[in-house]
Amino acid sequence: MFDLLTKFNHKAEIRESKDELLVGELVRAMSRTGYTAIRFQANDDLQIVKFRALRDPVLTNVYVRLDRKTGTGVVSAALLGSKATLTITAEVKNYLSDPDDLVTMFKTDLANLFRLPVLGGIRLNHELNSVFATMALLIDIDDYVLKGEIGTHYLLQLLGARIGELRTRLEPYKKPTR
């Protein structure tokens, strides 16, 4: 009887901590592609990891935010699975600016006032000397966790494609360093 209770508690702990397992897989996948984790922030169902893009000629930082929506209980895991919103934000940092940059920033900010973010769409935002591009996706945590190298491979494909899209959108805003 005690063994049965132990197995049940273990399964419940794994089900409840799948988002933390995915964050570990995210850090592992990002480190394989040259991004170093430099900051972690975690709540019950929300984890944010900041990565430094050391070898990337365009990006300075990449922020990955995992917000778990379902799957912490037995019933929701059985009915809906473990769904989460994966938000990826890429940052370009320019240390020099000129008046033309301010006009571009104003136009982008004005366009953002009238645009609603769509799941999967890219949104640009300027803040002082940084330009951010953000994309949100709805994912199933079970597709990437406890799958071994296959899950890591799919995660690398997902992250590589999405960060590539964000990099392409931010490339015109990167100023050459002198």
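**Exercise 1. The sheet**

In what order do the six strands form the open sheet, and is the pairing parallel or antiparallel?

*Solution.* The model is a predicted one, and a useful start is the run of elements along the chain. The chain has five helices and six strands, and their succession in sequence reads α-α-β-β-β-α-β-α-β-β-α. In space, the six strands make up an open sheet in the order β1-β2-β3-β4-β6-β5, with antiparallel pairing. Its edges are β1 (35-42) and β5, each of which pairs on one side only. Neighbouring strands of this sheet are turned against each other by 20 degrees on average, when direction is ignored.

**Exercise 2. The surroundings of β4**

Determine which strands pair with β4, name residues that stand opposite each other, and decide how far the strand is enclosed.

*Solution.* Take the β3 side to begin with: β3 and β4 pair in the antiparallel sense over eight bridges. Among the bridge partners, V62 is matched with A90 in β4, and N61 is matched with E91. On the β6 side, β4 and strand β6 (residues 130-140) pair over eleven bridges, again in the antiparallel sense, and here E91 stands opposite F132. E91 therefore has a bridge partner in each direction, N61 on the one hand and F132 in β6 on the other. As for burial, nine of the eleven residues of strand β4 (residues 83-93) are buried, so the strand is largely enclosed by the rest of the structure.

**Exercise 3. Helices on the sheet**

Describe how α2 and α5 are placed relative to the strands.

*Solution.* Helix α2 packs on the sheet and touches β1, β2, β3, β4 and β6, while its direction makes about 5 degrees with that of β2. Helix α5 lies across β1, β3, β4, β5 and β6, and runs at about 150 degrees to β6.

**Exercise 4. The nonpolar core**

Which residues of the largest nonpolar core touch the most other members, and which element gives the most to this core?

*Solution.* The core holds 35 residues, of which L22, L59, V62 and I139 touch the most other members. At least two residues each come from α2 (18-32), β2 (46-53), β3, β4, β5 (122-127), β6 and α5 (149-170). The element that gives the most is α5, with six residues. To see one of the core residues in its setting, consider L22: beyond residues up to four places away in sequence, L22 touches L66, I139, I141, Y144, V145 and L155. In soluble globular proteins, nonpolar side chains tend to be buried together.

**Exercise 5. Two polar residues in strands**

Are Q47 and D67 buried or exposed, and what does each of them touch?

*Solution.* Begin with Q47, whose place is in strand β2. Its relative accessibility is 6%, and because the cut-off for buried is under 20%, Q47 counts as buried. Outside the residues up to four places away in sequence, Q47 touches D19, E20, V23, Q41, A42, V64, R65 and L66. One of these, E20, is 27 residues away from Q47 in sequence, yet their C-alpha atoms are 7.9 Å apart in space. Turn next to D67, which lies in strand β3 (residues 61-68). D67 has a relative accessible area of 18%, and since this value is also under 20%, D67 is buried as well. Leaving aside neighbours within four places in sequence, D67 is in contact with D45, L46, A84 and T85.

**Exercise 6. The aromatic pair**

Classify the pairing of the rings of Y63 and F132, and locate both residues in the chain.

*Solution.* A pair of aromatic rings is described by the distance of the centres and the angle of the planes. The count comes to one aromatic pair. The ring centres of Y63 and F132 are 6.4 Å apart and their planes stand at 50 degrees; because this angle lies between the 30 degrees below which rings count as stacked and the 60 degrees above which they count as edge-to-face, the pair is tilted. Y63 belongs to strand β3 and F132 to strand β6, so that the pair links distant parts of the chain, 69 residues apart. Both Y63 and F132 are buried.

**Exercise 7. The chain as a whole**

Summarise burial, contacts and exposed area.

*Solution.* Of the 178 residues, 40% count as buried. Among contacts with a separation of 6 or more, 60% join residues 24 or more positions apart. The chain exposes about 10,800 Å², of which carbon and sulfur atoms supply 59%.

Terms used:
Residues are numbered from 1 along each chain as its sequence is written. This is a predicted model: local features need pLDDT of at least 70, side-chain atom pairs count only at pLDDT 80 or more; totals for chains, interfaces and linings use all residues. Side-chain values use heavy atoms; hydrogens and water are left out. Helices (H or I, at least four residues) and strands (E, at least two) are DSSP runs, numbered from the N terminus. Buried means under 20% relative accessible area, exposed over 50%, partly exposed in between (1.4 Å probe, protein chains only). Contact means heavy atoms within 4.5 Å. Accessible areas come from the Shrake-Rupley method with a 1.4 Å probe; for residues, only the protein chains shown count as cover. Two strands pair if DSSP finds at least two bridges between them. A nonpolar core is a set of buried Ala, Val, Leu, Ile, Met, Phe, Trp, Tyr and Cys residues joined through side-chain atoms within 4.5 Å. Axes are lines fitted to C-alpha atoms, for helices over the stretch in contact, and angles run from 0 to 180 degrees between N-to-C directions. Rings of Phe, Tyr and Trp (its six-membered ring) pair if their centres lie within 6.5 Å; planes under 30 degrees apart count as stacked, over 60 as edge-to-face and the rest as tilted.
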